[in-house]
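Me: Can you walk me through this fold and its charged pairs? Here's what I'm looking at.

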Amino acid sequence: MATKSKIFLSVLITCCVIFSACFSFCAKAAEPTGISYIIYESDTKQALEKQNTEAAADCSLLARLMTCLIVYESPAVSVTDYVMPSEDSVSSSGRYSLYASNQYMVDHLLKSVILCNADNAARVLAEKINPNKEYFVSLMNQKAIEIGMKNTYFTNADGAFDELQRTSVYDMSL
């Protein structure tokens with residue numbers, strides 16, 4: 001009886017080792033190569049791990065955050081200011097509805113962009129700085145260069161898809 005138990009245990013261990021080896025081989029073979037990431041150590045700002053950091057990445061959220069940064073740093077705008085959206089920038093879809101007849105505090109609009117990813121609020125904030133969209137986008141691109149973003153180019157303040165708009169994981173980590 002002890003011999004049968006030893007044989008069964010040996011077969012079981014062998015199967016586990018083979019399964020484990022096959023699983024780890026398959027897991028490595030199936031690992032996607034298109035993933036981009038960078039992991040920083042917060043105190044030293046040193047990259048601990050990174051992969052494909054210069055590869056193109058979606059910059060819709062980064063465009064909205066850059067819009068917030070431009071507005072927040074602008075001496076012409078205070079977070080306690082009120083803004084009345086233009087017809088072009090309002091939207092009742094999504095998580096954050098805006099209406100042209102209402103006034104909104106800049107602080108609330110900034111929070112809605114950051115917390116709710118509200119593209120319409122980003123458009124309103126950009127218009128508060130300058131109603132000329134091209135001028136505001138030029139401010140965004142100047143700020144990107146100032147920060148050190150070498151692979152980033154913005155074409156709009158709200159992050160709407162545009163083939164010309166681009167960034168990289170490295171630039172987003174700055």
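Reply: Sure. Keep in mind that this is a predicted model. From the N terminus on, the elements run α-β-β-β-α-β-β-α-α-α-β-α.

Me: How many helices and strands does the protein have?
Reply: The order opens on a helix and then goes through three strands, α-β-β-β. Over the whole protein, the tally comes to six helices and six strands.

Me: How many salt bridges turn up in the whole structure?
Reply: One of them pairs Lys 111 with Asp 107 at 3.0 Å, N to O. Another joins Asp 119 and Arg 123 at 3.6 Å. A search of the whole structure gives five.

Me: Which helix holds both Asp 119 and Arg 123?
Reply: Their side chains meet in a salt bridge. The two are about one helical turn from each other because they sit four residues apart in helix H4.

Me: Is Lys 143 buried or exposed?
Reply: Lys 143 forms a salt bridge with Glu 73 (2.7 Å, N to O). That pair links distant parts of the chain, with Glu 73 in helix H2 and Lys 143 in helix H5, 70 residues apart. Glu 73 is partly exposed at 44% relative accessibility. The cut-off for buried is under 20%, and Lys 143 has a relative accessible area of 11%, so Lys 143 is buried.

Me: Which residues are linked in a network of salt bridges?
Reply: Start from the bridge between Glu 73 and Lys 143. Add one further residue and you have the network: Glu 73, Lys 143 and Glu 146.

Me: What share of the 174 residues counts as buried?
Reply: Lys 143 is one of the buried residues, while Lys 111 is partly exposed at 44%. Across the 174 residues, the buried share is 32%.

Conventions:
Residues numbered from 1 in each chain as written. Predicted model: local features only at pLDDT ≥ 70, side-chain atom pairs only at ≥ 80, totals over all residues. Heavy atoms only, no water. Buried < 20%, exposed > 50% of the residue type's maximum accessible area, 1.4 Å probe, protein only. Salt bridge = Lys/Arg side-chain N within 4 Å of Asp/Glu carboxyl O.
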